[in-house]
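The following note sets out points on the domain arrangement, the sheets and the salt bridges of the model. Please read it alongside the coordinates.

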Amino acid sequence: MVAIPTKLNYDIKDINLASLGRQRIEWAAREMPVLAQIRDRFNAEKPLAGIRLVACCHVTTETANLAIALQAGGADAVLIASNPLSTQDDVAACLVNDYGMPVFAIKGEDNATYHRHVQTALDHKPNVIIDDGSDVVATLIKERQHQLADLIGTTEETTTGIVRLEAMFRDGVLTFPAMNVNDADTKHFFDNRYGTGQSTLDGIIRATNVLLAGKTLVVAGYGWCGKGVAMRARGLGSNVVITEINPVKAIEAAMDGFRVMPMSEAASIGDVFVTVTGNKHIIRKEHFETMKDGAMVCNSGHFDIEIDLETLKGMSRDVKEVRNFTQQYLLNNGKSIIVLGEGRLVNLAAAEGHPSAVMDMSFANQALACEYLVKNQGSLQPGIHSIPTEVDQEIARLKLQAMGINIDTLTPSQIEYMNSWTVGT
Ligand code: ADE
């Protein structure tokens with residue numbers, strides 16, 4: 001029997017949702033065998049014993065399995081939402097009710113509540129922070145310098161969060177180690193590409209039930225996430241257009257067989273727009289002005305800044321909710337534009353985020369990165385650290401094993417060949 005935290009120690013929608021949450025968390029666990037192995041080892045070895053840990057993540061069934069593994073490892077863990085719209089309320093309820101974990105996350109919470117939850121999490125005086133977008137770390141540095149002495153380090157799993165950490169390092173304020181989970185091969189090759197690819201289209205379809213076959217779907221940004229969205233949209237029969245600012249990625253998109261053009265041209269031909277750039281105002285006034293009547297816009301980048309909704313509001317005479325997570329903006333020029341998930345991550349707002357099978361590897365990286373920080377406490381330099389290659393490789397090996405896939409190994413003479421330079425043509 002676990003002790004349920006007092007009401008002061010959690011802020012969730014409804015604790016009575018716990019049993020539904022448990023059922024769904026267990027369902028996700030079926031696809032998370034690598035994390036399960038780590039959880040079982042953590043349970044036996046307790047590598048996080050006595051560690052106060054704050055996890056700021058999308059509160060999903062997959063995150064719940066990570067949180068359970070961290071708790072099994074001995075961590076005194078608090079969980080908060082990394083986005084106001086991504087929380088699964090039944091999951092939050094289960095973690096509070098069945099695992100005694102303080103959770104602060106309610107789907108649809110306003111920005112003030114979101115920031116209050118960040119402060120509450122920092123009241124826990126974390127030794128380790130798992131961040132998703134770097135809001136907790138940024139708040140710690142800006143507002144709670146006196147707590148930095150408690151911090152062993154942080155882990156970050158998003159491209160956006162890493163860009164912010166790099167800026168902190170340049171400004172000389174990143175005075176502790178940060179593990180770059182996003183750059184692990186077993187993270188971005190799968191989570192960013194196949195996870196974002198599938199779940200973004202899942203979000204668009206659940207929100208609208210639109211047929212993607214035959215539609216022109218514009219993807220802004222051809223990073224790993226953009227590649228995933230473009231690949232899956234093509235698979236569903238869309239005519240995919242890519243917009244980019246990076247010339248190399250633009251060539252890559254062209255050679256992958258996509259049409260590439262600036263947003264100023266794409267705006268008037270697109271039926272559905274997806275932003276995945278990590279930058280602000282990718283779709284803005286001059287684009288809204290030329291869009292087709294009924295064009296749909298959504299975002300799968302971390303923050304809700306990619307679509308300039310402020311300006312769109314100013315151009316509109318009415319905004320109405322036409323379906324769940326689907327708002328119709330009626331423009332002064334008589335046309336309408338459909339915005340999904342309020343411009344927040346459409347895959348988490350309107351669907352359930354990435355499938356468990358990819359989050360298995362992302363969260364295996366997260367759990368092992370926490371263990372690495374604690375094991376190497378005091379010896380890691382301040383700054384951003386890669387996940388050790390051995391860890392990445394081990395996660396891949398475990399995943400292959402779970403998928404029932406065997407691969408070749410090098411013969412001794414192949415190893416010798418790869419290590420020598422004397423034999424050539
Ligand atoms: N980010 C994207 N998808 C996610 C998921 N299912 N759980 C947690 N974080 C995510």
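**Notes on the domain interface and the sheets**

1. No salt bridges are counted between domain 1 and domain 2. On the side of domain 1 that touches domain 2, the residues nevertheless include four charged ones, together with eleven polar and three nonpolar. The model is a predicted one, and this should be borne in mind when the contacts below are read.

2. Polar contact across the interface of domain 1 and domain 2 is found by the rule for six residue pairs, both members being at pLDDT 80 or more. The description of this interface should therefore keep the two kinds of count apart: a salt bridge requires a side-chain nitrogen of Lys or Arg within 4 Å of a carboxyl oxygen of Asp or Glu, and the count of these between the domains is zero.

3. As to the extent of the interface, the size is often given as the accessible area lost when the parts come together. Between domain 1 and domain 2 the buried area is about 1,300 Å². Carbon and sulfur atoms give 61% of that area. The contact involves 18 residues of domain 1 and 14 residues of domain 2.

4. The division of the chain deserves explicit mention. Domain 1 is made up of residues 15-187 and 353-403, whereas domain 2 covers 196-349. A distance of 29 Å separates the C-alpha centres of the two domains.

5. How many salt bridges does a search of the whole structure find? The total is 21. One pair may be examined in detail: Asp98 and Arg22 meet through their side chains in a salt bridge, with an N to O distance of 2.8 Å. Asp98 belongs to helix α4 (residues 89-99) and Arg22 to helix α1 (residues 18-29), so that the pair links distant parts of the chain, 76 residues apart.

6. One open sheet has seven strands with parallel pairing, in the order β3-β2-β1-β4-β5-β6-β15. Its edge strands, β3 (103-104) and β15 (383-386), each pair on one side only. Within this sheet, β5 (residues 153-156) and β6 (residues 177-180) are joined in the parallel sense by three bridges; Thr155 has Met179 of β6 as its bridge partner.

7. A further open sheet has eight strands and mixed pairing, in the order β9-β8-β7-β10-β11-β14-β13-β12. Because β9 (259-260) and β12 (316-323) stand at the edges with a single partner strand each, one side of each is left without a neighbour in the sheet.

8. Two antiparallel pairings of the mixed sheet merit a closer look. Strands β13 (residues 326-331) and β14 (residues 336-340) run antiparallel and are joined by five bridges, with Ile337 in β14 as the bridge partner of Tyr329. Six bridges connect β12 and β13, again in the antiparallel sense, and Ser316 stands opposite Leu331 in β13. The hairpin of β12 and β13 has two residues between the strands, and here Phe325 takes a positive phi near 60 degrees.

Definitions and conventions:
Residues are numbered from 1 along each chain as its sequence is written. This is a predicted model: local features need pLDDT of at least 70, side-chain atom pairs count only at pLDDT 80 or more; totals for chains, interfaces and linings use all residues. Side-chain values use heavy atoms; hydrogens and water are left out. Domain bounds come from an automatic or database domain assignment. Contact means heavy atoms within 4.5 Å. Buried area is the accessible area (1.4 Å probe) that two parts lose on being put together, summed over both. A polar contact is a pair of N or O atoms within 3.5 Å; within protein, one must be able to donate a hydrogen and the other to accept it, and residues adjacent in sequence count only if both atoms are side-chain atoms. Ala, Val, Leu, Ile, Met, Phe, Trp, Tyr, Cys and Pro count as nonpolar, Asp, Glu, Lys and Arg as charged, and the others, Gly among them, as polar. Two strands pair if DSSP finds at least two bridges between them. Helices (H or I, at least four residues) and strands (E, at least two) are DSSP runs, numbered from the N terminus.
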